[in-house]
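Biologist: I should be grateful for a close look at a single part of this model. Which residues there are covered, which are open to the surroundings, and what lies on either side along the sequence?

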Amino acid sequence: MEKIVTVEDARKKLGDLVDGARLRGDQYIISKKGKPAAAIVPIEIVEKHEESKKALLKLIEEVHEENKGKRSEEIEGLIDEAVKWARRKHKAR
């Protein structure tokens with residue numbers, strides 16, 4: 001469950017917020033001057049985010065290596081094909 005707390009409340013209740021995230025899976029958005037500024041989330045969410053980020057960076061590196069030496073027009077054509085394919089897949093849902 002996501003809850004919004006102010007910076008002032010987060011300071012007063014930090015231990016409780018951390019326990020809520022750790023024990024119940026609660027997610028807290030910390031607002032400053034009425035705007036979202038930070039979050040307290042279960043550590044599993046951060047770990048999954050880091051894994052996803054590493055996988056994406058690895059995929060980008062692989063694609064870069066596979067396309068070394070290709071002309072930009074050829075790469076743009078491949079991108080256009082991929083976008084069309086993804087859009088067809090999305091519409092099919």
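Modeller: The following account begins with the whole chain and then turns to helix H2 and the segments around it.

The model is a predicted one, in which local features need pLDDT of at least 70 and side-chain atom pairs count only at pLDDT 80 or more, while totals for chains, interfaces and linings use all residues. Residues are numbered from 1 along each chain as its sequence is written, and side-chain values use heavy atoms, with hydrogens and water left out.

The chain contains 4 helices and 3 strands, and their order along the sequence is β-α-α-β-β-α-α. The chain is more spread out than a compact globule, because its radius of gyration is 21 Å, well over the 12 Å that the globule rule gives for 93 residues. (This radius is taken over C-alpha atoms, and the rule is 2.2 Å times the number of residues to the power 0.38.) The C-alpha trace spans about 60 × 30 × 30 Å along its principal axes. Helices (H or I, at least four residues) and strands (E, at least two) are DSSP runs, numbered from the N terminus. Of the 93 residues, 15% count as buried, a term for under 20% relative accessible area, with exposed meaning over 50% and partly exposed in between (1.4 Å probe, protein chains only).

Helix H2 covers residues 14-24, and its buried residues are Leu17, Gly20 and Ala21. Seen down the axis of H2, these residues fall within an arc of 90°, so they line one face of the helix; the arc is that of the directions from the helix axis to the C-beta atoms. Asp16, Arg22 and Leu23, on the other side of H2, are exposed. The buried residues of H2 pack against strand E1 (2-6), helix H1 (7-12), strand E2 and strand E3 (35-40).

Which residue just after H2 takes a positive phi? It is Gly25, with a phi of about 80°. Asp26 then lies in the loop between H2 and E2, and Asp26 counts as buried because its relative accessibility is 6%. The C-alpha atoms of Asp26 and Val41 are separated by 6.7 Å, although the two residues are 15 apart along the chain.

Strand E2 comprises residues 27-32 and includes Ser31. Is Ser31 buried or exposed? Its relative accessibility is 11%, so Ser31 counts as buried. Leaving aside residues up to four places away in sequence, Ser31 touches Ile4, Val5, Thr6, Val7, Pro36 and Ala37, where contact means heavy atoms within 4.5 Å.

The loop between E2 and E3 holds Lys33. With a relative accessible area of 79%, Lys33 is exposed. Most residues other than glycine have a negative phi. Lys33, however, has a positive phi of about 55° although it is not a glycine.

A residue of helix H3 (residues 43-66) may be set beside these segments: Leu57 lies in that helix. Leu57 is partly exposed, with a relative accessible area of 48%. The C-alpha atoms of Leu57 and Gly34, 23 residues apart along the chain, are separated by 34 Å. Over the whole chain, among contacts between residues at least 6 apart in sequence, 33% join residues at least 24 apart.
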